[in-house]
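Open your viewer and get ready to click along. We'll go stop by stop, with something to select each time.

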Amino acid sequence: MALELYLDLFSQPCRSVYIFAKKNNISFDFKKLSLLDGEQYGEDFGKISLIRKAPALRDGDFCLAESIAIMLYLAEKFKTPDFWYPADLQQRARVNEYLSWQHTAIRMHGSKIFWLRLMIPKVMGVEVPEDKMNAALDDLNSSLKLVEEKFLQDRPFIAGDQISLADLVAIVEIMQPVGAGLDVFEGRPKLSAWRDRVQEAIGKELFDEAHQYILGAQESVKTMDSNKMQFFKPKILRLFM
Amino acid sequence: MMELYLDLISPPCRAVFLFAKALGIPFEFKYVDLIAGQQYSSEFGELNIVAKIPVMKDGGFTLSESTAILKYLVQKYSGSVGDHWFPAGLQQRARANEYLSWQHANLRGHCQKVFLLRTLFPVIMGFEVLEETMDAALENMKQSLNLLEEKFLQNKWFILGDKISVADVVAVVEIMQPLGTGVDGFEGRPKLIAWRGRVKEELGEELFDDAHKALMQLSSLPEKLKSSREFEKVKLSFQRFFN
């Protein structure tokens with residue numbers, strides 16, 4: 001049985017896993033999991049992951065959740081080039097540091113903007129109070145500032161001269177608010193230059209392929225069935241509002 | 001000598017402290033008083049502009065984020081740290097990474113929220129916690145504890161199997177956090193109580209209890225925070241968290 005990756009490319013951590021696997025020519029079965037349709041709550045997916053989130057991996061009998069764990073597993077199993085997760089003590093620590101920090105910082109803040117700016121008003125039909133939006137924008141701006149000032153500084157990439165998992169995880173999260181129509185790169189030349197380097201290192205074609213759905217989100221919400229979201233509505237509103 | 005910038009009132013600081021002590025890794029304890037806002041000093045800012053702890057300084061190399069520090073220590077001291085702490089085997093390593101990744105926004109996030117709501121919310125926000133807010137936080141904590149038991153621990157002695165690993169240390173300190181506020185995440189969960197007992201035994205009971213002493217003196221926290229010079233900065237940071 002081929003390695004299976006359960007993915008929904010609307011989701012940031014799914015994009016990083018997808019890009020990583022493709023870039024490294026790791027063959028896998030793309031198992032589409034539609035999060036907005038609630039497929040993660042189905043009985044079948046429950047057997048893959050009790051956490052009920054995407055991405056998930058199934059390699060024979062072995063099932064694994066959490067994008068970072070998945071990418072580290074793939075890196076080790078397929079012996080991907082060292083720069084993705086350097087063996088050097090300090091460089092590896094820099095990558096780990098970013099991968100840890102981002103969970104409750106840029107990931108959380110970028111996701112929130114995506115929901116507050118797009119999904120909640122346009123699909124759920126719920127108005128987002130201005131103060132909530134402003135607070136969320138403040139948080140995102142703080143996180144982006146830290147990406148530039150702490151994690152990048154004067155380096156071409158987070159760990160140094162070459163791209164690593166840290167940059168990959170960072171870029172997919174930063175693209176999420178872009179999908180909601182917020183150009184986070186505007187007025188941020190350092191971040192823009194970094195983005196260009198990351199895109200080049202990944203390959204523009206692969207990068208664009210992975211991001212086509214999220215970048216088309218503003219269009220696709222126009223035809224999205226708001227009834228689909230009824231199941232999630234209370235949970236989403238509690239989480240973000 | 002390696003320096004660890006810590007305040008044992010913080011769970012990730014306790015995780016790093018417990019691991020380093022239990023493994024006999026030499027370090028200098030540098031106290032950073034979180035409630036007093038010492039993480040906002042310009043001095044500390046040179047170590048970590050994120051203004052968070054724990055922070056490790058090893059010679060000229062400075063590192064933040066507890067899970068990164070733990071992995072650094074495991075790698076640096078690989079000669080003396082038993083493999084079971086962070087196994088090299090492909091699947092076992094993946095399980096450890098899976099837990100360490102998941103816990104940030106789940107068990108850690110929810111236990112932290114309960115703790116802050118119970119201790120500092122009123123003095124920071126200037127009003128009492130709404131019952132529905134507290135209930136929602138408790139429910140989230142409960143769901144995370146359910147997943148810890150059903151998915152991560154199951155019927156094993158420790159998260160990775162027969163032996164303790166960094167995953168268990170990182171987990172247990174988070175559940176201990178709201179205990180001092182009267183929210184016992186272990187109550188009614190004999191499996192977790194037994195697991196905690198095993199973790200304590202592996203780390204050393206005295207060491208474990210010592211590390212958690214700061215949590216048992218919480219009644220003075222609100223007053224201490226109110227009189228802190230950095231109250232406004234702490235307030236801003238917590239308001240963001242409650243957002």
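In what order do the four strands of the open sheet in chain A lie? Select them and read across: the order is β2-β1-β3-β4, and the pairing is mixed. Keep in mind as you look that this is a predicted model.

**Stop 1: the edges of the sheet**

Now pick out β2 (29-32) and β4 (62-65) of chain A. These two stand at the edges with a single partner strand each, so one side of each has no neighbour in the sheet. Turn the view a little to see the twist, which averages 20° from one strand to the next.

**Stop 2: inside the sheet**

Next, select β1 (residues 4-7) and β3 (residues 56-59) of chain A. They run antiparallel, and three bridges join them. For one pair to zoom in on, take A:L5, whose bridge partner in β3(A) is A:L57.

**Stop 3: a helix across the strands**

Add helix α3 (residues 67-77) of chain A to your selection. This helix lies across β1, β3 and β4 of chain A, and it runs at about 130° to β4(A).

**Stop 4: two domains in chain A**

Time to zoom out. Colour residues 4-80 of chain A as domain 1 and residues 89-240 as domain 2, following the domain assignment. The C-alpha centres of these two domains lie 19 Å apart. At their contact you'll find 21 residues from domain 1 of chain A and 31 residues from domain 2 of chain A.

How much area do domain 1 and domain 2 of chain A bury between them? It's about 2,200 Å², with 71% of that on carbon and sulfur atoms. Show A:F10, A:Q12 and A:L36 as sticks: they supply 30% of the area that domain 1 of chain A buries against domain 2 of chain A, more than any other three residues.

Don't hunt for salt bridges between domain 1 and domain 2 of chain A, as the count is zero. Polar contacts are another story: eleven residue pairs make them across this interface. On the domain 1 side, α1 (12-23) and α3 of chain A each supply at least two residues. Of the elements there, α1(A) gives the most, with nine residues.

**Stop 5: where chain A meets chain B**

Bring chain B into view. Here 38 residues of chain A are in contact with 32 residues of chain B. The two chains bury about 3,100 Å² between them, 60% of it on carbon and sulfur atoms. Click on A:I51, A:F62 and A:L89, which supply 17% of the area that chain A buries against chain B, more than any other three residues.

Between chain A and chain B the count of salt bridges is zero, while eleven residue pairs are in polar contact. To see what chain A brings to this side, select β4, α3, α4 (89-101) and α6 (130-152), each of which supplies at least two residues. The largest share, nine residues, comes from α4(A).

**Stop 6: the domains of chain B**

Last, colour chain B by its assignment: domain 1 (3-84) and domain 2 (85-211). Their C-alpha centres are 19 Å apart. The contact takes 22 residues from domain 1 of chain B and 25 residues from domain 2 of chain B.

These domains of chain B bury about 2,000 Å² between them, 72% of it on carbon and sulfur atoms. Ten residue pairs are in polar contact across their interface. Finish on α1 (11-22) and α3 (66-76) of chain B, each giving at least two residues to the side of domain 1 that touches domain 2. Nine residues, the largest share of that side, come from α1(B).

Methods. Residues are numbered from 1 along each chain as its sequence is written. Chains are lettered from A and ligands numbered from 1 in the order in which they are written. This is a predicted model: local features need pLDDT of at least 70, side-chain atom pairs count only at pLDDT 80 or more; totals for chains, interfaces and linings use all residues. Side-chain values use heavy atoms; hydrogens and water are left out. Two strands pair if DSSP finds at least two bridges between them. Axes are lines fitted to C-alpha atoms, for helices over the stretch in contact, and angles run from 0 to 180 degrees between N-to-C directions. Contact means heavy atoms within 4.5 Å. Domain bounds come from an automatic or database domain assignment. Buried area is the accessible area (1.4 Å probe) that two parts lose on being put together, summed over both. A salt bridge is a side-chain nitrogen of Lys or Arg within 4 Å of a carboxyl oxygen of Asp or Glu. A polar contact is a pair of N or O atoms within 3.5 Å; within protein, one must be able to donate a hydrogen and the other to accept it, and residues adjacent in sequence count only if both atoms are side-chain atoms.
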